[in-house]
Amino acid sequence: MLSGAGSAITINASNVTLDLMGFTLDGVNPTTGSAHGIWVNTGKSGVEVRNGSITKFAGDGVHCLGNNSRIIGLRVTNVGAAGISENGQNQVISCFASSCGHEGIWSGGSSMIKGNTVSGNTYNGITAGNNCMLLGNLSSNNTKDGINVGQGSLVQGNQVSGNTLNGIT
């Protein structure tokens, strides 16, 4: 368990795969401190985080500042900030993010966000920057927009329902 600041796992190298193998990374309390579950440092590329659950961190479940990385098959719930936050030029595929204190998924520009399910988040289900691809995501019952996307993005095959403000903006 981790409380306070920092992260439970920090990745500070390129070309690393972290396979949680179905295990859960469990923080202490989503309202205390600012700890993230997994942190990928700036400038790291080719990182893959996959196959597990992350819950009860006050910060983001995954905070990826690198690029050309992949976040695949994670279940992120009950975190104080975004479920998955990535800086751009990455892929977020087949993840589930629910009951997060901010977005389920927050993405910088030029990323692919595909086949994810986001629901019951305090802000938008998915927020994506310019020139992203959002393909086949489900976004429901989020406090603001289901999907909020930047200019020049491809939005195809997504389903949105029950979001408080807009479906897709």
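Two strands are taken to pair if DSSP finds at least two bridges between them. With that in hand, the strand network of this predicted model can be followed from one bridge partner to the next. A good place to start is Glu 48, whose bridge partner in β7 is Arg 70.

That link belongs to the pairing of strand β5, residues 48-55, with strand β7, residues 70-77, which runs in the parallel sense over seven bridges. Further along the pair, Ser 53 has Arg 75 as its bridge partner in β7. Strand β5 also has other partners. Strand β2, residues 17-19, is joined to β5 by three bridges, and the two run parallel; here Thr 17 finds its bridge partner in Glu 48. Glu 48 therefore appears in two links, being the bridge partner of Thr 17 as well as having Arg 70 as its own partner in β7, where two strands count as paired once DSSP finds at least two bridges between them. Strand β3, residues 24-26, is likewise joined to β5 by three bridges in a parallel arrangement, and Leu 25 stands opposite Ile 54 of β5. As for cover, β5 is mostly shielded, with six of its eight residues buried.

Strand β7 carries the network onward. Its pairing with strand β9, residues 91-93, is parallel and spans three bridges, with Gln 91 of β9 as the bridge partner of Arg 70. A further parallel pairing over three bridges connects β7 to strand β10, residues 96-98, and in this case Thr 77 is matched with Ser 98 of β10. In a regular strand, side chains alternate between the two faces of the sheet.

Another set of pairings is built around strand β4, residues 36-40. Four of its five residues are buried, so β4 is largely enclosed by the rest of the structure. Strand β1, residues 7-11, pairs with β4 in the parallel sense over four bridges, and His 36 is the bridge partner of Ser 7. Strand β4 is also joined to β6 by three bridges, again running parallel; Val 40 has Cys 64 of β6 as its bridge partner.

Seen as a whole, the protein is assigned 19 strands and zero helices. The radius of gyration is 14 Å, close to the 15 Å that the globule rule gives for 169 residues, so the protein is as compact as a globular protein of that length. Along the principal axes, the C-alpha atoms fill a box of roughly 35 × 30 × 25 Å. Of the 169 residues, 47% count as buried. Among contacts with a separation of 6 or more, 28% are accounted for by residues 24 or more positions apart. The exposed surface comes to about 7100 Å², of which carbon and sulfur atoms supply 48%. The charged side chains number 7 positive and 7 negative, and the centres of the two sets lie 4 Å apart.

The loops add some backbone details worth a look. Most residues other than glycine have a negative phi. Against that background, Lys 56 has a phi near 60 degrees, a positive value in a residue other than glycine. Lys 56 sits in the loop between β5 and β6, the latter covering residues 62-64. With a relative accessibility of 29%, Lys 56 counts as partly exposed, since that class lies between the 20% limit for buried and the 50% limit for exposed. Ser 110 is another such case, with a positive phi of about 60 degrees although it is not a glycine. Its position is in the loop between β11, residues 105-107, and β12, residues 112-114. The relative accessible area of Ser 110 is 40%, so this residue is partly exposed.

Gly 120 offers a view of a further loop, the one between β13, residues 117-119, and β14, residues 126-128. A relative accessible area of 36% makes Gly 120 partly exposed. Leaving aside neighbours within four places in sequence, Gly 120 is in contact with Ser 99, Cys 100, Ser 140, Asn 141 and Asn 142. The C-alpha atoms of Gly 120 and Ser 139, 19 residues apart along the chain, are separated by 8.8 Å.

Key:
Residues numbered from 1 in each chain as written. Predicted model: local features only at pLDDT ≥ 70, side-chain atom pairs only at ≥ 80, totals over all residues. Heavy atoms only, no water. Rg over C-alpha atoms; globule rule 2.2 N^0.38 Å. Buried < 20%, exposed > 50% of the residue type's maximum accessible area, 1.4 Å probe, protein only. Contact = heavy atoms within 4.5 Å. Areas by Shrake-Rupley, 256 points an atom, 1.4 Å probe, with all protein chains shown as cover. Lys, Arg positive; Asp, Glu negative; His and termini not counted. Charge placed at Lys NZ, Arg CZ, Asp CG, Glu CD.
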